[in-house]
Amino acid sequence: MKDELILETIAITKNFFGNKSSGVNNITLFIPRGKITGIVGESGSGKTTLLNLLAGKMVPDSGDVFFHQELLPDRENARQEVHRSIKFLTQDHYEMDLNATVWENVKAGLSESDLHYETKKITEALNTWSIQHLHDQVFNKLSGGEKQRVTIAKALISLPEVLLLDEPFNQVDARYREGLQQDIRNIVTKQGVTAILVSHDPAELLSMADQLIVIKEGEIVESGSAEELYSEPKLLYTALILASSTQLTAAQAKVCGITSRRGNVVIYAEDIKVSKGLTNSWVVNKVLFKGIYEELIVECQKVQIRVLNMAKGKYKVSDKVSISVRRYHEFGKFTR
Ligand SMILES: Nc1ncnc2c1ncn2[C@@H]1O[C@H](COP(=O)(O)OP(=O)(O)OP(=O)(O)O)[C@@H](O)[C@H]1O
């Protein structure tokens, strides 16, 4: 069955100061209802601009945005229902009352019909987002992560149809982050909310997004399921942005035992195995601590590659090792 679309953009362009290298260019995009769409791209590629256009916070210079197949009105003129149906969650907390308490802020997210159940609804929301103990604290005095959880609680208390998330978890510490990601997933699957997520964390996008859109210089350059794009990236840009990896020329790849006909090789850190024995022609240059695993930088004939190593402590700097490459990706010289 075909996915029902909730938001569509047809050839939208937004340039700042007439500068064609900024903003977004000619983007046509279909957002399926009840799914998480992830948007990924290097800094300045236009991700936030695209979210602003989808939220009606910016008006495109040309092209149209449709919500439920109707032209999306801009926020200034928008009917209240559209405002309530599309929630935009940023880190600047622009919709929060900085001097009001957590309780008052979350209450401000309630729709009129929910006001009868005010206490019950707010208590539930505070519990869901683990902020019940902060209910009488002033918003401005909270930590970055606490502010973010209050902002999410307010945005979701009246169950919007679409939730736009711009780097929603990057101020939240690791202890809460996974829980919040799971909560957003649950809201999407159980309540049918549609989420659009911008993040710089590939692991977050790959684990959360049903479909991924890759943006470069304001244009969509690749899209597909998270798994597809990770396993079979068509572009060098996508491979480098989605995984911890090493990019090699054909000559450098030869040192790793790879004959490349296309000229550019990318090896994901997880696809290289390091061991002691056999040729031992590689040397461990660096051991990077990454928490539950390590990344090793190993070198041979001036070629350095990045290797994911789960056996923490097994290798130290200057150790001689052998490598075997399980999988690699090849790209043409001019593949962007
Ligand atoms: N209000 C604005 N006025 C002028 N230029 C802007 C404005 N907003 C964005 N831009 C420019 O448009 C381009 C895209 O910016 P945008 O914030 O959408 O990128 P991004 O992909 O979200 O970046 P980041 O990952 O760093 O947040 C950048 O070159 C930026 O400088």
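Start with the ligand. Select it and show what surrounds it: Phe16, Ser22, Gly23, Gly41, Ser43, Gly44, Ser45, Gly46, Lys47, Thr48 and Thr49. Two elements, β2 (19-32) and α1 (47-54), each give two or more residues to this shell. The largest share, three residues, comes from α1. Now colour the shell by class: you should get nine polar residues, one charged and one nonpolar. Keep in mind as you click around that this is a predicted model.

**Along α1**

Stay with the helix and select 47-54. Is α1 largely enclosed or left open by the rest of the structure? It is largely enclosed, because seven of its eight residues are buried. Pick them out one by one: Lys47, Thr49, Leu50, Leu51, Asn52, Leu53 and Leu54. Then step just past the end of the helix to Gly56, which follows α1 and has a positive phi, near 75°.

**Into the core**

Go back to Leu54, as it leads to the next stop. The largest nonpolar core has 85 residues, and Leu54 is among the six that touch the most other members. Select the others in that group too: Val106, Ala153, Leu164, Ile196 and Leu197. Domain 1 (5-238) and domain 2 (245-332) each supply at least three residues to this core. There is a general pattern behind such a cluster: in soluble globular proteins, nonpolar side chains tend to be buried together.

Now centre the view on Leu164. Which residues does Leu164 touch, leaving out those up to four places away in sequence? Select Leu51, Leu54, Ala55, Ile86, Lys87, Phe88, Leu89 and Ile196. You've met two of these already, since Leu51 and Leu54 are among the buried residues of α1.

**Two residues with positive phi**

Next, select Asn26, which sits in strand β2. Asn26 isn't a glycine, yet its phi is positive, about 55°. It counts as partly exposed, because it has 14 C-beta neighbours inside 10 Å.

Then jump to Ser130, in the loop between α4 (118-128) and α5 (144-156). This is another residue other than glycine with a positive phi, here near 55°. Is Ser130 buried or partly exposed? With 15 C-beta neighbours inside 10 Å, Ser130 counts as partly exposed.

**Over to domain 2**

Zoom out and colour the two domains, 5-238 and 245-332. Their centres, taken over C-alpha atoms, are 37 Å apart.

Inside domain 2, select Thr279, in the loop between β13 (272-275) and β14 (282-289). Thr279 counts as exposed, because it has 11 C-beta neighbours inside 10 Å. Add Val307 to the selection and draw a distance between the two C-alpha atoms: they are separated by 17 Å, with these positions 28 residues apart along the chain.

**The whole view**

To finish, show the whole protein as a cartoon. You'll find 10 helices and 18 strands. The C-alpha atoms fill a box of roughly 75 × 45 × 45 Å along the principal axes. Of the 336 residues, 38% count as buried. If you draw contacts between residues at least 6 apart in sequence, 65% of them join residues at least 24 apart.

Last, colour by confidence. The average pLDDT is 89, and 96% of the residues score at least 70. For the model as a whole, the scores are ipTM 0.97 and pTM 0.87.

Conventions:
Residues numbered from 1 in each chain as written. Predicted model: local features only at pLDDT ≥ 70, side-chain atom pairs only at ≥ 80, totals over all residues. Near = placed C-beta within 6 Å. Helix = DSSP H or I, 4+ residues; strand = E, 2+ residues; numbered from the N terminus. Nonpolar A, V, L, I, M, F, W, Y, C, P; charged D, E, K, R; others polar. Core = buried A, V, L, I, M, F, W, Y, C linked by C-beta atoms within 7 Å. Buried ≥ 20, exposed ≤ 12 C-beta atoms within 10 Å, placed from the backbone. Domains from an automatic or database assignment. Contact = placed C-beta atoms within 7 Å. pLDDT = per-residue confidence, 0-100.
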